[in-house]
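User: Hey, I'm new to this one. Could you walk me through it?
Analyst: Sure, here it is.
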Amino acid sequence: MSVISVVGTKGGVGKSTFSMGLAISLAKLFPKNWVLLVDGDMHIRSVELKMCPDYDVTLAQVLEGKPLEEAIYLSQLESEGEPLYPNLAVLPAGGRFLPVIRGDFLSFIEETKRKFDQIIKKLRKRFEYIVIDTPASMSFEHLILTAVADGLIFVAEPNDDSVEATINTARGLKEFMDVRPVGTVLNKVPRGVDVREWGKKLSAVAPLLGIIPEDPLVGDAFRKNMPVLALYPRTVASKAIQEIATKVARLSIKPSKVPEKIERALQKTAELLSKGEES
Ligand SMILES: Nc1ncnc2c1ncn2[C@@H]1O[C@H](COP(=O)(O)OP(=O)(O)O)[C@@H](O)[C@H]1O
Ligand SMILES: [Mg+2]
(Lines give C-alpha, C1' and ligand atoms only; values in the text may rest on other atoms or scores of the structure.)
(Ligands and ions follow the chains in the order given, each with its own letter.)
Protein backbone atom coordinates (compact mmCIF):
# COMPACT_ATOMS: atom_id res chain seq x y z
CA MET A 1 0.00 0.00 0.00
CA SER A 2 1.62 3.26 -1.11
CA VAL A 3 0.93 6.95 -0.96
CA ILE A 4 2.48 8.71 -3.95
CA SER A 5 2.49 12.47 -4.41
CA VAL A 6 3.02 13.89 -7.87
CA VAL A 7 5.11 17.04 -7.72
CA GLY A 8 5.99 19.61 -10.35
CA THR A 9 7.97 22.75 -9.84
CA LYS A 10 5.59 24.98 -11.74
CA GLY A 11 2.10 24.98 -13.20
CA GLY A 12 1.49 23.52 -16.62
CA VAL A 13 4.14 20.77 -16.62
CA GLY A 14 1.42 18.12 -16.75
CA LYS A 15 1.11 17.11 -13.10
CA SER A 16 -2.65 16.73 -13.23
CA THR A 17 -2.59 14.94 -16.58
CA PHE A 18 -0.03 12.50 -15.20
CA SER A 19 -1.71 12.07 -11.79
CA MET A 20 -5.03 11.20 -13.37
CA GLY A 21 -3.38 8.90 -15.90
CA LEU A 22 -1.37 7.17 -13.18
CA ALA A 23 -4.42 6.65 -10.95
CA ILE A 24 -6.48 5.32 -13.89
CA SER A 25 -3.66 2.99 -15.00
CA LEU A 26 -3.07 1.65 -11.49
CA ALA A 27 -6.80 1.01 -11.13
CA LYS A 28 -6.64 -1.04 -14.35
CA LEU A 29 -3.52 -2.89 -13.21
CA PHE A 30 -5.09 -3.79 -9.85
CA PRO A 31 -8.75 -4.51 -10.67
CA LYS A 32 -9.35 -6.25 -7.37
CA ASN A 33 -8.08 -3.34 -5.29
CA TRP A 34 -9.13 0.24 -4.78
CA VAL A 35 -7.16 3.24 -6.00
CA LEU A 36 -7.68 6.77 -4.70
CA LEU A 37 -6.88 10.00 -6.52
CA VAL A 38 -6.55 12.94 -4.14
CA ASP A 39 -7.31 16.12 -6.01
CA GLY A 40 -5.14 18.64 -4.22
CA ASP A 41 -5.01 20.98 -7.17
CA MET A 42 -8.12 22.91 -7.98
CA HIS A 43 -6.95 22.93 -11.57
CA ILE A 44 -7.22 19.19 -11.93
CA ARG A 45 -10.86 19.96 -12.67
CA SER A 46 -11.99 16.57 -11.41
CA VAL A 47 -15.63 17.56 -11.63
CA GLU A 48 -15.41 18.92 -15.15
CA LEU A 49 -13.26 15.98 -16.18
CA LYS A 50 -16.04 13.73 -14.92
CA MET A 51 -13.73 12.01 -12.51
CA CYS A 52 -16.11 12.87 -9.75
CA PRO A 53 -19.71 14.12 -9.32
CA ASP A 54 -20.46 17.63 -8.11
CA TYR A 55 -19.18 17.46 -4.58
CA ASP A 56 -19.93 19.36 -1.44
CA VAL A 57 -17.79 17.55 1.12
CA THR A 58 -14.03 18.00 0.70
CA LEU A 59 -10.96 17.49 2.85
CA ALA A 60 -11.60 20.90 4.43
CA GLN A 61 -14.89 19.65 5.90
CA VAL A 62 -13.31 16.37 6.99
CA LEU A 63 -10.75 18.35 8.97
CA GLU A 64 -13.66 20.18 10.58
CA GLY A 65 -15.22 16.92 11.66
CA LYS A 66 -17.25 15.47 8.75
CA PRO A 67 -16.80 11.71 8.25
CA LEU A 68 -13.98 10.92 5.81
CA GLU A 69 -16.26 8.57 3.84
CA GLU A 70 -18.39 11.53 2.78
CA ALA A 71 -15.47 13.12 0.94
CA ILE A 72 -14.67 10.01 -1.09
CA TYR A 73 -16.47 9.80 -4.42
CA LEU A 74 -16.63 7.01 -6.98
CA SER A 75 -15.24 7.89 -10.37
CA GLN A 76 -18.15 8.87 -12.61
CA LEU A 77 -16.48 8.11 -15.93
CA GLU A 78 -18.65 5.85 -18.00
CA SER A 79 -18.57 4.10 -21.32
CA GLU A 80 -21.86 2.95 -22.80
CA GLY A 81 -23.54 3.25 -19.43
CA GLU A 82 -20.96 1.15 -17.59
CA PRO A 83 -18.44 2.64 -15.13
CA LEU A 84 -15.05 2.80 -16.84
CA TYR A 85 -13.06 2.52 -13.62
CA PRO A 86 -15.23 0.81 -10.98
CA ASN A 87 -12.34 0.63 -8.48
CA LEU A 88 -11.21 4.26 -8.73
CA ALA A 89 -12.26 6.86 -6.17
CA VAL A 90 -11.57 10.59 -5.86
CA LEU A 91 -11.03 12.68 -2.74
CA PRO A 92 -11.29 16.42 -3.49
CA ALA A 93 -8.97 18.40 -1.25
CA GLY A 94 -9.82 21.82 -2.59
CA GLY A 95 -7.41 24.73 -2.61
CA ARG A 96 -7.43 25.86 1.01
CA PHE A 97 -8.24 22.99 3.29
CA LEU A 98 -6.37 23.96 6.42
CA PRO A 99 -8.03 26.27 8.92
CA VAL A 100 -6.59 29.72 9.41
CA ILE A 101 -3.93 29.44 12.10
CA ARG A 102 -5.31 30.95 15.27
CA GLY A 103 -3.72 30.84 18.65
CA ASP A 104 -0.39 29.17 19.08
CA PHE A 105 1.45 27.49 16.29
CA LEU A 106 2.51 24.43 18.27
CA SER A 107 -1.05 23.36 18.92
CA PHE A 108 -1.84 23.93 15.25
CA ILE A 109 0.99 21.52 14.39
CA GLU A 110 -0.19 18.96 16.94
CA GLU A 111 -3.75 19.14 15.68
CA THR A 112 -2.76 18.91 12.02
CA LYS A 113 -0.41 16.00 12.69
CA ARG A 114 -3.04 14.08 14.59
CA LYS A 115 -5.75 14.63 12.01
CA PHE A 116 -3.63 13.72 8.99
CA ASP A 117 -2.17 10.70 10.71
CA GLN A 118 -5.71 9.42 11.33
CA ILE A 119 -6.87 10.19 7.80
CA ILE A 120 -3.91 8.49 6.13
CA LYS A 121 -4.16 5.47 8.43
CA LYS A 122 -7.82 5.02 7.49
CA LEU A 123 -7.12 5.46 3.79
CA ARG A 124 -4.24 2.97 3.88
CA LYS A 125 -6.61 0.26 5.03
CA ARG A 126 -8.87 0.71 2.03
CA PHE A 127 -6.66 1.69 -0.87
CA GLU A 128 -3.82 -0.13 -2.57
CA TYR A 129 -2.56 3.12 -4.07
CA ILE A 130 -3.20 6.72 -3.18
CA VAL A 131 -2.10 9.17 -5.87
CA ILE A 132 -1.99 12.81 -4.80
CA ASP A 133 -2.01 15.66 -7.29
CA THR A 134 -0.30 18.43 -5.33
CA PRO A 135 -1.18 22.10 -5.77
CA ALA A 136 1.15 24.30 -7.78
CA SER A 137 1.44 27.03 -5.18
CA MET A 138 3.79 26.93 -2.21
CA SER A 139 1.58 26.80 0.85
CA PHE A 140 1.00 24.77 4.01
CA GLU A 141 -1.52 22.75 1.99
CA HIS A 142 1.08 21.95 -0.62
CA LEU A 143 3.57 20.90 2.05
CA ILE A 144 1.11 18.63 3.84
CA LEU A 145 0.12 16.87 0.61
CA THR A 146 3.81 16.36 -0.06
CA ALA A 147 4.68 15.33 3.49
CA VAL A 148 2.04 12.60 3.75
CA ALA A 149 3.55 10.73 0.79
CA ASP A 150 5.65 7.59 1.04
CA GLY A 151 7.30 8.61 -2.21
CA LEU A 152 7.33 11.50 -4.66
CA ILE A 153 7.20 11.42 -8.43
CA PHE A 154 8.54 14.55 -10.08
CA VAL A 155 7.19 15.70 -13.43
CA ALA A 156 9.50 17.95 -15.45
CA GLU A 157 9.55 19.42 -18.92
CA PRO A 158 12.50 19.01 -21.28
CA ASN A 159 14.30 22.29 -20.59
CA ASP A 160 17.11 23.43 -18.28
CA ASP A 161 14.86 25.53 -16.02
CA SER A 162 12.40 22.77 -15.29
CA VAL A 163 15.06 20.10 -14.78
CA GLU A 164 17.22 22.31 -12.51
CA ALA A 165 14.18 23.35 -10.45
CA THR A 166 13.25 19.69 -10.05
CA ILE A 167 16.73 18.78 -8.82
CA ASN A 168 16.68 21.62 -6.26
CA THR A 169 13.15 20.94 -5.05
CA ALA A 170 13.84 17.22 -4.65
CA ARG A 171 16.95 17.97 -2.61
CA GLY A 172 15.08 20.46 -0.43
CA LEU A 173 12.14 18.19 0.25
CA LYS A 174 14.40 15.32 1.22
CA GLU A 175 16.45 17.52 3.52
CA PHE A 176 13.60 19.39 5.15
CA MET A 177 10.97 16.69 5.43
CA ASP A 178 12.66 13.42 4.61
CA VAL A 179 10.22 12.65 1.81
CA ARG A 180 11.93 10.67 -0.86
CA PRO A 181 11.74 10.90 -4.61
CA VAL A 182 10.91 7.48 -6.10
CA GLY A 183 10.75 8.46 -9.73
CA THR A 184 10.96 11.21 -12.32
CA VAL A 185 9.02 11.76 -15.55
CA LEU A 186 9.75 13.97 -18.53
CA ASN A 187 6.54 15.27 -20.08
CA LYS A 188 5.68 17.13 -23.28
CA VAL A 189 8.72 15.88 -25.15
CA PRO A 190 8.53 17.05 -28.78
CA ARG A 191 9.27 14.57 -31.56
CA GLY A 192 12.89 14.25 -32.51
CA VAL A 193 14.25 16.16 -29.51
CA ASP A 194 17.21 14.49 -27.82
CA VAL A 195 16.42 14.44 -24.10
CA ARG A 196 19.28 12.20 -22.94
CA GLU A 197 21.07 15.01 -21.11
CA TRP A 198 17.94 15.95 -19.10
CA GLY A 199 17.10 12.30 -18.55
CA LYS A 200 20.54 11.73 -17.09
CA LYS A 201 20.20 14.67 -14.72
CA LEU A 202 16.76 13.54 -13.56
CA SER A 203 18.04 10.01 -13.01
CA ALA A 204 20.33 11.42 -10.37
CA VAL A 205 17.23 12.54 -8.44
CA ALA A 206 15.36 9.24 -8.87
CA PRO A 207 14.97 6.70 -11.69
CA LEU A 208 13.58 8.21 -14.88
CA LEU A 209 10.37 6.20 -15.14
CA GLY A 210 9.59 7.35 -18.64
CA ILE A 211 9.15 10.02 -21.25
CA ILE A 212 5.70 11.26 -22.24
CA PRO A 213 5.66 12.68 -25.76
CA GLU A 214 4.02 15.97 -26.59
CA ASP A 215 0.71 14.77 -27.94
CA PRO A 216 -2.03 17.00 -29.39
CA LEU A 217 -4.66 14.52 -28.24
CA VAL A 218 -3.86 15.39 -24.59
CA GLY A 219 -5.02 18.95 -25.20
CA ASP A 220 -7.93 17.70 -27.29
CA ALA A 221 -9.16 15.44 -24.47
CA PHE A 222 -8.64 18.30 -22.02
CA ARG A 223 -10.89 20.57 -24.10
CA LYS A 224 -13.49 17.81 -24.29
CA ASN A 225 -13.39 17.51 -20.50
CA MET A 226 -12.10 13.96 -20.45
CA PRO A 227 -8.86 12.49 -19.13
CA VAL A 228 -6.73 11.53 -22.13
CA LEU A 229 -6.53 7.91 -20.98
CA ALA A 230 -10.31 7.63 -20.96
CA LEU A 231 -10.83 9.21 -24.38
CA TYR A 232 -7.70 8.10 -26.27
CA PRO A 233 -6.25 5.10 -24.45
CA ARG A 234 -4.08 4.17 -27.43
CA THR A 235 -2.53 7.53 -28.22
CA VAL A 236 1.24 7.91 -27.62
CA ALA A 237 0.88 9.93 -24.39
CA SER A 238 -1.61 7.46 -22.90
CA LYS A 239 0.63 4.52 -23.79
CA ALA A 240 3.62 6.24 -22.19
CA ILE A 241 1.66 6.96 -19.00
CA GLN A 242 0.47 3.34 -18.83
CA GLU A 243 4.05 2.10 -19.22
CA ILE A 244 5.18 4.41 -16.43
CA ALA A 245 2.36 3.07 -14.21
CA THR A 246 3.58 -0.51 -14.68
CA LYS A 247 7.00 0.65 -13.49
CA VAL A 248 5.45 2.45 -10.52
CA ALA A 249 3.64 -0.77 -9.63
CA ARG A 250 7.01 -2.56 -9.49
CA LEU A 251 8.68 0.01 -7.23
CA SER A 252 9.07 -0.95 -3.63
CA ILE A 253 8.00 2.12 -1.72
CA LYS A 254 8.48 2.00 2.02
CA PRO A 255 5.55 3.25 4.10
CA SER A 256 6.55 6.35 6.01
CA LYS A 257 5.58 7.92 9.30
CA VAL A 258 3.28 10.80 8.62
CA PRO A 259 3.28 12.80 11.90
CA GLU A 260 7.04 13.36 12.01
CA LYS A 261 7.16 14.58 8.44
CA ILE A 262 4.24 16.94 8.94
CA GLU A 263 5.86 18.35 12.04
CA ARG A 264 9.10 18.94 10.18
CA ALA A 265 7.33 20.41 7.18
CA LEU A 266 5.28 22.86 9.23
CA GLN A 267 8.20 23.84 11.48
CA LYS A 268 10.51 24.44 8.54
CA THR A 269 7.94 26.48 6.64
CA ALA A 270 7.22 28.55 9.71
CA GLU A 271 10.95 29.20 10.13
CA LEU A 272 11.28 30.19 6.48
CA LEU A 273 8.22 32.42 6.70
CA SER A 274 9.46 34.19 9.83
CA LYS A 275 12.90 34.67 8.26
CA GLY A 276 11.17 36.20 5.25
CA GLU A 277 9.34 38.60 7.54
CA GLU A 278 12.53 39.64 9.32
CA SER A 279 14.49 40.44 6.17
N1 LIG B 1 2.12 15.23 -23.05
C2 LIG B 1 1.41 16.32 -23.34
N3 LIG B 1 1.26 16.72 -24.63
C4 LIG B 1 0.54 17.82 -24.94
N5 LIG B 1 -0.07 18.60 -24.05
C6 LIG B 1 0.03 18.28 -22.75
C7 LIG B 1 0.78 17.13 -22.33
N8 LIG B 1 0.69 17.05 -20.96
C9 LIG B 1 -0.06 18.10 -20.58
N10 LIG B 1 -0.46 18.83 -21.63
C11 LIG B 1 -1.30 20.06 -21.61
O12 LIG B 1 -0.66 21.04 -20.80
C13 LIG B 1 -1.60 21.76 -20.03
C14 LIG B 1 -1.26 21.65 -18.55
O15 LIG B 1 -1.43 20.30 -18.14
P16 LIG B 1 -1.81 19.95 -16.62
O17 LIG B 1 -1.81 18.49 -16.52
O18 LIG B 1 -3.06 20.66 -16.24
O19 LIG B 1 -0.55 20.58 -15.89
P20 LIG B 1 -0.34 20.97 -14.34
O21 LIG B 1 -1.27 20.15 -13.51
O22 LIG B 1 1.10 20.66 -14.06
O23 LIG B 1 -0.61 22.43 -14.22
C24 LIG B 1 -2.98 21.19 -20.40
O25 LIG B 1 -3.57 22.01 -21.36
C26 LIG B 1 -2.66 19.83 -20.98
O27 LIG B 1 -3.62 19.45 -21.94
MG1 LIG C 1 -2.65 20.67 -12.15
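Analyst: What follows is a short chat about the ligand, its pocket and the cavities, and bear in mind that this is a predicted model.

User: Cool. Which residues come nearest to ligand 1?
Analyst: There are 16 residues around ligand 1, and the nearest are Gly12, Lys15, Ser16, Thr17 and Asn187.

User: Which elements supply that shell?
Analyst: Helix 1 (15-29), strand 9 (181-189), strand 10 (208-213) and helix 7 (216-223) give at least two residues each. By class, the shell around ligand 1 has 7 polar, 5 nonpolar and 4 charged residues.

User: What polar contacts can you show me?
Analyst: Here are three. The side chain of Ser16 has an N or O atom 2.8 Å from an oxygen atom of ligand 1. A backbone N or O atom of Val13 is 3.2 Å from an oxygen atom of ligand 1. On the nitrogen side, a polar backbone atom of Asp215 lies 2.9 Å from a nitrogen atom of ligand 1.

User: Is ligand 1 mostly covered or mostly open?
Analyst: Mostly covered: on its own ligand 1 has 560 Å² of accessible area, and the protein covers 84% of that.

User: So where does ligand 1 sit?
Analyst: In the largest pocket. That pocket holds about 410 Å³ of space. It is lined by 22 residues, and the closest to the pocket centre are Gly12, Gly14, Thr17, Lys188 and Phe222.

User: Which element gives the most to that lining?
Analyst: Helix 7, with 4 residues. The lining of the largest pocket has 9 nonpolar, 8 polar and 5 charged residues.

User: Switching topic: how many cavities are there of 30 Å³ or more?
Analyst: The search of the whole structure finds 3. The largest cavity has a volume of about 80 Å³, and the second largest about 50 Å³.

User: What lines the largest cavity?
Analyst: Its lining includes Val38, Leu59, Phe116 and Ile132. By class, that lining counts 11 nonpolar residues, with no polar and no charged ones. Helix 3 (105-126) gives the most, with 4 residues.

User: And which residues line the second largest cavity?
Analyst: Among them are Thr17, Met20, Leu49, Phe222 and Pro227. Helix 1 and helix 7 each give two or more residues to this lining, and helix 7 gives the most, with 3. By class, the second largest cavity is lined by 8 nonpolar residues, 1 polar and no charged.

User: Which residues should I look at to connect the pocket with that cavity?
Analyst: Try Thr17 and Phe222: both are listed among the closest to the centre of the largest pocket, and both line the second largest cavity.

Note on methods: Residues are numbered from 1 along each chain as its sequence is written. Chains are lettered from A and ligands numbered from 1 in the order in which they are written. This is a predicted model: local features need pLDDT of at least 70, side-chain atom pairs count only at pLDDT 80 or more; totals for chains, interfaces and linings use all residues. Side-chain values use heavy atoms; hydrogens and water are left out. A residue is near a molecule or strand if one of its heavy atoms lies within 4 Å of it. A polar contact is a pair of N or O atoms within 3.5 Å; within protein, one must be able to donate a hydrogen and the other to accept it, and residues adjacent in sequence count only if both atoms are side-chain atoms. Accessible areas come from the Shrake-Rupley method with a 1.4 Å probe; for residues, only the protein chains shown count as cover. On a 1 Å grid over the protein atoms alone, a cavity is a set of points where a 1.4 Å probe fits but cannot get out, and a pocket is an open set with protein on both sides within 12 Å along at least five of seven lines; lining residues have an atom within 4 Å of a point. A molecule sits in a cavity or pocket if more than half of its atoms lie within 2 Å of its grid points. Ala, Val, Leu, Ile, Met, Phe, Trp, Tyr, Cys and Pro count as nonpolar, Asp, Glu, Lys and Arg as charged, and the others, Gly among them, as polar. Grid points are joined across faces, edges and corners, and a volume is the space filled by probe spheres set on the points.
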